[in-house]
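User: Could you walk me through how the helices pack in this model? I'd like to follow along with the structure open.

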Amino acid sequence: MEFFFDIFQNLIDQFTNPKKRVFVLYLFLSILIATGWLIFYKKKSLKDSFKFIFSRKIFFSKSAKSDYKVFFINQIIMLLVSPHLLTQITIATALYFFFFEIQFIEMGLFSSAPQYLIISLFTLTHFVVDDFSKYIVHRWMHKWPFLWALHKVHHSATNLTPMTVFRTHPLEGLVFTLRSAFAQGVTISTFVYFFGSGVDLYTILGANLFVFLFNIFGSNLRHSHIGIRYWKWLEYILISPAQHHLHHSVAKEHYNKNYGAALALWDWIFGSLHHSEDTDNLTLGLGTEDDQKKHTLKELYTIPVLEFLGFFKKRFYLLFGRKKKVKDESEIYFKKSLQ
Ligand SMILES: [Zn+2]
Ligand SMILES: [Zn+2]
């Protein structure tokens, strides 16, 4: 009984916790921004804008329905798994003692810096390092066939809704939880080592100031059918919703572009930036003939694991000289994604 209550509480938390992407205020502000965009840029009436935003075709599509199922199932899985995972505090503590042990630079070197400076710097670094680690891991997800076997669950969405952000294989969820713990652990330990106990975050409603800003300015529209574009200069710095839509496009020219989560800077620096285009007629998905069949639970949970394991099985046979053909669909998609 208690377990069911925990599941329910976890589900509610996603919408009531300002640290979460689909916190109701962020969703509401995304609707407001989308309405403004449709009225002022697309010249639609208010009524037509609402009709377009709350399109039944999108929110009741096969793709969206599987987003909702994955959201629900993953909440249960994470509830069972997360107590056993490494946390940022464990990593931060281990790293802190490691720095303490090697003492290559004096401990507390900058601890006399003004408090506001320490907190501002920490708040910014916390956000930037986390965002950079998202970029790197996302890039790996596309680069390595065994990771692509998992990440293609996210890319199998043929419509985008704010819930598509949860459409990830649980093993990818695991990788991203560890990534987050590691990125934050590194930032916390480094700052505490150099700046001492004055390290703190500027927060709004408990969320990092920059995460809060990212979310109130329509982060949920990255997974939506509203292709908001930014000015060209701004798309070098921040990923616009339309830029993330291109990341989901099946068109060859959009492959391996716009990996960034909030900042486009990384894409710009590492050569994977693609400026937005009009995304009204964009086809989304994996680009296979049977994309509409990729919404079943078997496709979303079982097949990725088989392909993930199949990749290692294939390597094992290659290593030990057995000639056996192992079906490895992930490689087919992988090659496709590199074309
Ligand atoms: Zn991706
Ligand atoms: Zn996405």
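User: At what angle do helix H6 and helix H9 pack, and how far apart are their axes?

Analyst: Happy to help, and a word on the model comes before the answer. It is a predicted one, in which local features need pLDDT of at least 70 and side-chain atom pairs count only at pLDDT 80 or more, while totals for chains, interfaces and linings use all residues. Residues are numbered from 1 along each chain as its sequence is written, and chains are lettered from A and ligands numbered from 1 in the order in which they are written. For H6 (residues 88-102) and H9 (residues 170-195), the packing angle is about 40° and the axes are 8 Å apart.

User: What do you mean by a helix and an axis here, and how is H6 oriented to H9?

Analyst: Helices are DSSP runs of H or I with at least four residues, strands are E runs of at least two, and both are numbered from the N terminus. Axes are lines fitted to C-alpha atoms, for helices over the stretch in contact, and angles run from 0 to 180 degrees between N-to-C directions. Angles under 35 degrees count as roughly parallel, over 145 as roughly antiparallel, 65 to 115 as roughly perpendicular and the rest as oblique. By that scheme H6 is, relative to H9, oblique.

User: Which residues of H6 meet H9?

Analyst: Two residues are in contact if their C-beta atoms, placed from the backbone, lie within 7 Å. On the H9 side, the partners include Ala 181, Phe 182, Gly 185 and Tyr 193. From H6 come Gln 88, Ile 91, Ala 92, Leu 95, Tyr 96 and Phe 99.

User: Which residues of H2 are buried, and why do they line one face of the helix?

Analyst: A residue is buried if 20 or more other C-beta atoms lie within 10 Å of its own, exposed if 12 or fewer, and partly exposed in between, with C-beta atoms placed from the backbone. The face of H2 turned away from the buried side carries exposed Phe 28, Leu 32 and Phe 40. The buried residues are Tyr 26, Ser 30, Ile 31, Ala 34, Trp 37 and Leu 38. They line one face because, looking down the H2 axis (directions taken from the axis to the C-beta atoms), they fall within an arc of 140°.

User: What covers that buried side of H2, and at what angle does H2 cross H3?

Analyst: The cover includes helix H3 (46-53) and H10. The axes of H2 and H3 come within 9 Å, and they cross at roughly 125°. On the H2 side, the contact is made by Ile 31, Ala 34, Thr 35, Leu 38 and Ile 39. So the two helices are oblique to each other, at that crossing angle of roughly 125°.

User: Which elements do the buried residues of H10 pack against?

Analyst: In H10 (residues 209-216), the buried residues are Phe 210, Val 211, Phe 212, Phe 214 and Asn 215. They pack against helix H2 (24-40), helix H7 (115-143), strand S1 (203-204) and strand S2 (207-208).

User: Is Lys 43 buried or exposed, and what is its phi?

Analyst: Most residues other than glycine have a negative phi, and most peptide bonds are trans. Lys 43 sits in the loop between H2 and H3. With 8 C-beta neighbours inside 10 Å, Lys 43 counts as exposed. Though not a glycine, Lys 43 has a positive phi of about 55°.
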